[in-house]
Amino acid sequence: MRSLKAAFARRTDRAGASRAVPLLRTAILTLGVVVAVHAVSSEIIPPLPADNPAAWCQRVSERLPGISKTDCRASALVPTGARSHNGFPILIRRFVAASEKKIASNAGVVAVNPGSGMGATPLRILLLGGIHGDELTASAIVFQWMQSMPGGAAEKFHWEVVPMLNPDGLLASQPSRVNAKGVDLNRNFPTLNWDIEAPRYWARQTGSDPRRYPGKSPLSEPETRWLNDELLRFRPQLIISVHAPFGVLDFDGPTAPPQRFGRLSLNPVGVYPGSLGNYYGALGKVPVITIELPNARVMPTDAETRKIWTDMLAWIDRNVAARTTGDQDAKPAPKSLSASAGTALLNR
Ligand SMILES: [Zn+2]
């Protein structure tokens, strides 16, 4: 709590100071932002072949805490066909629910989400890590959770797992929150009135912080365009997005929020123009769990990593799966809430 209050105080101070700067200083700051954004985009990482897990895993294991090359290979990620701005393949693993796999084998065909015929269709869950590339633990913990998914309680559900949505930020020589074009991907989703709200929020509330630049237009980036297409295709009924380092839980969506996973307790961090939680949770009425790990570089203990996972699965079972039947409530929202209604505490 103490660090939360300190973070809030720092941001409040900065927002207050930015309102007071004279015009000339604003112009200089703006110029600085352009230079900073340009500097990020000048770092080119050579593209990798899309079908070369050894090459991906070499790079990923050098960067992620606690994830070896063997762990990465065992995750069995496959290319989606999309690539980051710098050409790194966006990787995914799809897990089919155990009940659907049995039906598929009995019928001698591969089931594509047909429903069990004996109850509700298994819940579709999207698990995302690393939308901010400098939150290394947010990607690493998704790799660790993936290891426990086969044969575990997670098999009740359908999963799509994307541990690194921002590979360019993650693999940059200095890991960066933004992608290779200097865009904060978690401000680039098409929320209501994005054209007005996102640039205004960036200028007024962040002091044109280059780490929070929302881009020139919604879905301007290959990473967010791919995710948006995948959301429309997969139609998740729950989204889990992992961040760091604020050490809290946040929640957007129609159901009562979870109170605690492991040591992380609920502490809403606000609604932002262009964020995934705003786009899908506040507007689309799809529950979005945001996990903020307590440290971006140092992993939680193995016991804590397991506890967050098991608490989360139990909560999903009781509060989402039990209330969700069939394909209802699975569409993205074409329009969003006004971003100005958001209360910015932490700017996750
Ligand atoms: Zn983040």
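Where in the chain is the place of Gly130? Gly130 sits in the loop that links strand 3 to helix 6, and this briefing comes back to that residue after a walk through the sheet and one of the helices. Please keep in mind that this is a predicted model. Overall, the chain holds eleven helices and nine strands, and 45% of its 348 residues count as buried. Among contacts with a separation of 6 or more, 78% join residues that are 24 or more positions apart.

**The sheet as a whole**

- The nine strands make up an open sheet with mixed pairing, and their order is 1-2-4-3-5-9-6-8-7.
- The edges belong to strand 1 (78-83) and strand 7 (260-261); each has a single partner strand, so one side of each is left without a neighbour in the sheet.
- Strand 6 (residues 248-252) and strand 9 (residues 288-292) are joined by five bridges in the antiparallel sense.
- Within that pairing, Val288 of strand 9 is the bridge partner of Asp252.
- Helix 10 (residues 276-283) lies across strand 5 (238-243), strand 6 and strand 9, and it runs at about 145 degrees to strand 9.

**Strand 4 and its neighbours**

- Strand 4 (residues 158-162) is largely enclosed by the rest of the structure, because five of its five residues are buried.
- His158, Glu160 and Val162 point one way from strand 4, while Trp159 and Val161 point the other way; all are buried.
- On one pairing, strand 2 (residues 89-95) meets strand 4 in the antiparallel sense over three bridges, and here Arg93 stands opposite Val161.
- On another, strand 3 (residues 124-129) runs in the parallel sense with strand 4 over five bridges, and Leu127 has Val161 as its bridge partner.
- Val161 of strand 4 is therefore a handy residue to find on screen: it is buried, it stands opposite Arg93 and it is the bridge partner of Leu127.

**Helix 9**

- What length does helix 9 (residues 222-234) reach from its first C-alpha to its last? Its 13 residues reach 18 Å, close to the 18 Å expected at 1.5 Å a residue.
- The buried residues in helix 9 are Glu223, Thr224, Trp226, Leu227 and Leu231.
- Seen down the helix axis, these buried residues fall within an arc of 160 degrees, so they line one face of helix 9.
- That buried set packs against strand 1 and strand 2.
- Turned away from the buried side is a face with the exposed residues Leu232 and Arg233.
- Just after helix 9 comes Arg235, which takes a positive phi of about 50 degrees.

**Back to Gly130 and the crossover**

- Strand 3, helix 6 (residues 136-148) and strand 4 together make a right-handed β-α-β unit, and the loop with Gly130 lies between strand 3 and helix 6 of that unit.
- Is Gly130 buried or exposed? Gly130 has 29 other C-beta atoms within 10 Å, so it counts as buried.
- Leaving aside residues up to four places away in sequence, Gly130 touches Glu135, Ala138, Ser139, Pro163, Met164, Leu165, Asn166 and Leu170.
- One of these partners, Leu170, is 40 residues from Gly130 in sequence, yet the C-alpha atoms of the two are 7.5 Å apart in space.

Note on methods
Residues are numbered from 1 along each chain as its sequence is written. This is a predicted model: local features need pLDDT of at least 70, side-chain atom pairs count only at pLDDT 80 or more; totals for chains, interfaces and linings use all residues. Two strands pair if DSSP finds at least two bridges between them. Helices (H or I, at least four residues) and strands (E, at least two) are DSSP runs, numbered from the N terminus. Two residues are in contact if their C-beta atoms, placed from the backbone, lie within 7 Å. Axes are lines fitted to C-alpha atoms, for helices over the stretch in contact, and angles run from 0 to 180 degrees between N-to-C directions. A residue is buried if 20 or more other C-beta atoms lie within 10 Å of its own, exposed if 12 or fewer, and partly exposed in between; C-beta atoms are placed from the backbone. A crossover is right-handed if, with the strands pointing away from the viewer, the path from the first strand over the helix to the second runs clockwise. The expected span of a helix is 1.5 Å times one less than its number of residues. The arc is that of the directions from the helix axis to the C-beta atoms.
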